Structures are given as C-alpha cells and as structure tokens.
Amino acid sequence: MKKLLLSIALVAFAFTTTAQDGKFNVGGDISYNFDGEVFGLMGEVNYLFEISDEFRVGPAATYLYSFGKDSEIGGTTISIEGSGNFALAGAARYDVSDKFTIGADLGYFLDPSGFYYRPLVGYNLNENTMIQLSLPSSEASNNLALGVMFAL
C-alpha cells in the first residue's frame, strides 16, 4: 500500500508542478525478460514538465507484454501463455548533454501488483526522437528493453 501511495504522490507532484509547459511523449520498445527467457513489447506514454533546461518530471504509463514460450518437460511440449502488465509511474529525465539523457520511472504495476522501476539511458537523435535502453523491472521480473521515444 505504501508503494501505491508513493506512486500516487509522484504523479500528483508532476501534475501540480508550476514549471514551464511540458511535452507529451509516446514510445515503443522490444524487451527481453531474463527470468522467463521470453521476448516482449512495451508501449509507453509520459508527459514531462520542464523544471530546468536539463531536468524534466511528470506522470508516465507503461504496458509491458511478454510473449509465451514453449517448454519441453519429460518429452512433452507445454505452451506457456503470454502476459501483460500495466504500470503507472512518476518519470524523471536529466539531460547530461545535448545527445545523452539519463532517467528513471518509479511506480506501481497494477496486475499483477507490485513495485515498478525503470532506469534508462537515452541517445537523442534530434529534438523530438530518442533511442533508449532501459531496465523495466519489478519485484518479480527483470527486463532489458531497447526502443524509441517520440515527443509530440
């Protein structure tokens, strides 16, 4: 419950920030789950308010879908269904230089429930496009994701 309250507080803080105008961002990633050894897709949106020239914060939502996998146990093939997780989080981004950004999302997975965190590093191709490498993870799952984020 404390984690859910922390997530809500982070999102509320982002919405009440009286800094300059923000930017809406949409992205997609390909992920690999280390625990289940399966691939997945991740979609994300965020709205980041500019606190300073280098620092932005705001609310974020992420959907991570992991594909199923066929496993062989005792000569029998068992098919494991895919699963999806939706997370609400607070996001922070810091521009280390004109080309590189570091950041993190902290929040809560809704189903199955649990703490969600996502450290990332991004390479800015231009003002509106970033290639990003991140580690979207929870208490029960660890992933590596590579994707692109577009500022709208």
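This is a short tour of the structure, stop by stop, with what to select at each one.

**Start: the whole chain**

Keep in mind that the model is predicted. Show the protein chain as a cartoon. The chain has 1 helix and 11 strands. Follow the chain along the sequence: the helix leads, and the strands follow it, in the pattern α-β-β-β-β-β-β-β-β-β-β-β.

Now switch on the surface. The accessible surface of the protein chain is about 8600 Å². Carbon and sulfur atoms own 64% of that accessible surface. Of the 152 residues in the chain, 38% are buried. Contacts also reach across the sequence. Among contacts with a separation of 6 or more, 44% join residues 24 or more positions apart.

**Stop 1: Asp95 and Arg56**

How many salt bridges does the structure hold? There are 5 salt bridges in the structure. Begin with one of them: select Asp95 and Arg56, whose side chains meet at 2.8 Å, N to O. Asp95 sits in strand β6 (residues 83-95), while Arg56 sits in strand β3 (residues 55-66). The two residues are 39 residues apart, so this pair links distant parts of the chain. Are Asp95 and Arg56 buried or exposed? Both Asp95 and Arg56 are buried.

**Stop 2: Asp105 and Arg93**

Select Asp105 and Arg93 next. Their side chains form a salt bridge of 2.9 Å, N to O. Asp105 belongs to strand β7 (residues 100-110) and Arg93 to strand β6, so the salt bridge ties together parts that are 12 residues apart in sequence. Asp105 counts as buried because its relative accessibility is 1%. Arg93 is buried too, with a relative accessible area of 2%.

**Stop 3: Arg118**

Keep Asp105 on screen and add Arg118. The side chains of Arg118 and Asp105 meet in a salt bridge of 3.2 Å, N to O. Arg118 is in strand β8 (residues 113-126) and Asp105 is in strand β7, 13 residues apart. What is the relative accessible area of Arg118? The value for Arg118 is 0%, so Arg118 is buried.

Add Ser134 to the selection. A polar contact of 3.1 Å joins the side chains of Arg118 and Ser134. Then widen the view around Arg118. Leaving out residues up to four places away in sequence, Arg118 touches Asp29, Met42, Glu44, Arg93, Gly103, Ala104, Asp105, Gln132, Ser134, Leu135 and Pro136.

Now pick out Glu44 together with Arg93, Asp105 and Arg118. These four residues are linked in a network of salt bridges.

**Stop 4: Asn46**

Move to strand β2 (residues 38-50) and select Asn46. Asn46 is buried, with a relative accessible area of 4%. Which side chain shares a polar contact of 2.6 Å with Asn46? The partner is the side chain of Asn25. Show the other contacts as sticks. Setting aside neighbours within four places in sequence, Asn46 is in contact with Lys23, Phe24, Asn25, Pro59, Ala60, Arg93 and Met149. Arg93, from the salt-bridge network, is thus on view again, as a contact of Asn46.

**Stop 5: the largest pocket**

Select Lys23, Arg56, Asp95, Asn124 and Glu127. Of the 28 residues lining the largest pocket, these lie nearest its centre. The salt-bridged pair from the opening stop, Asp95 and Arg56, is among them. The space in the largest pocket comes to about 610 Å³.

Color the strands around the largest pocket. At least two lining residues come from each of β1 (22-33), β2, β6, β8, β9 (129-134) and β11 (143-151). Which strand gives the most to the lining? Strand β2 does, with 4 residues.

**Last stop: Ile102**

Finish on strand β7, where Ile102 is found. Ile102 has 42% relative accessibility, so Ile102 counts as partly exposed. Compare Asp105 in strand β7, which is buried at 1%.

Draw a distance from Ile102 to Ala92. Their C-alpha atoms are separated by 8.5 Å, and the residues are 10 residues apart along the chain. Ile102 is in contact with Ala92, Arg93, Tyr94, Val96, Leu120 and Val121, leaving aside neighbours within four places in sequence.

Terms used
Residues numbered from 1 in each chain as written. Predicted model: local features only at pLDDT ≥ 70, side-chain atom pairs only at ≥ 80, totals over all residues. Heavy atoms only, no water. Buried < 20%, exposed > 50% of the residue type's maximum accessible area, 1.4 Å probe, protein only. Contact = heavy atoms within 4.5 Å. Areas by Shrake-Rupley, 256 points an atom, 1.4 Å probe, with all protein chains shown as cover. Polar contact = N/O pair within 3.5 Å; in protein donor to acceptor, adjacent residues only side chain to side chain. 1 Å grid on protein atoms, 1.4 Å probe; cavity = no way out; pocket = protein on both sides within 12 Å on 5 of 7 lines; lining within 4 Å. Points joined across faces, edges and corners; volume = space filled by probe spheres on them.
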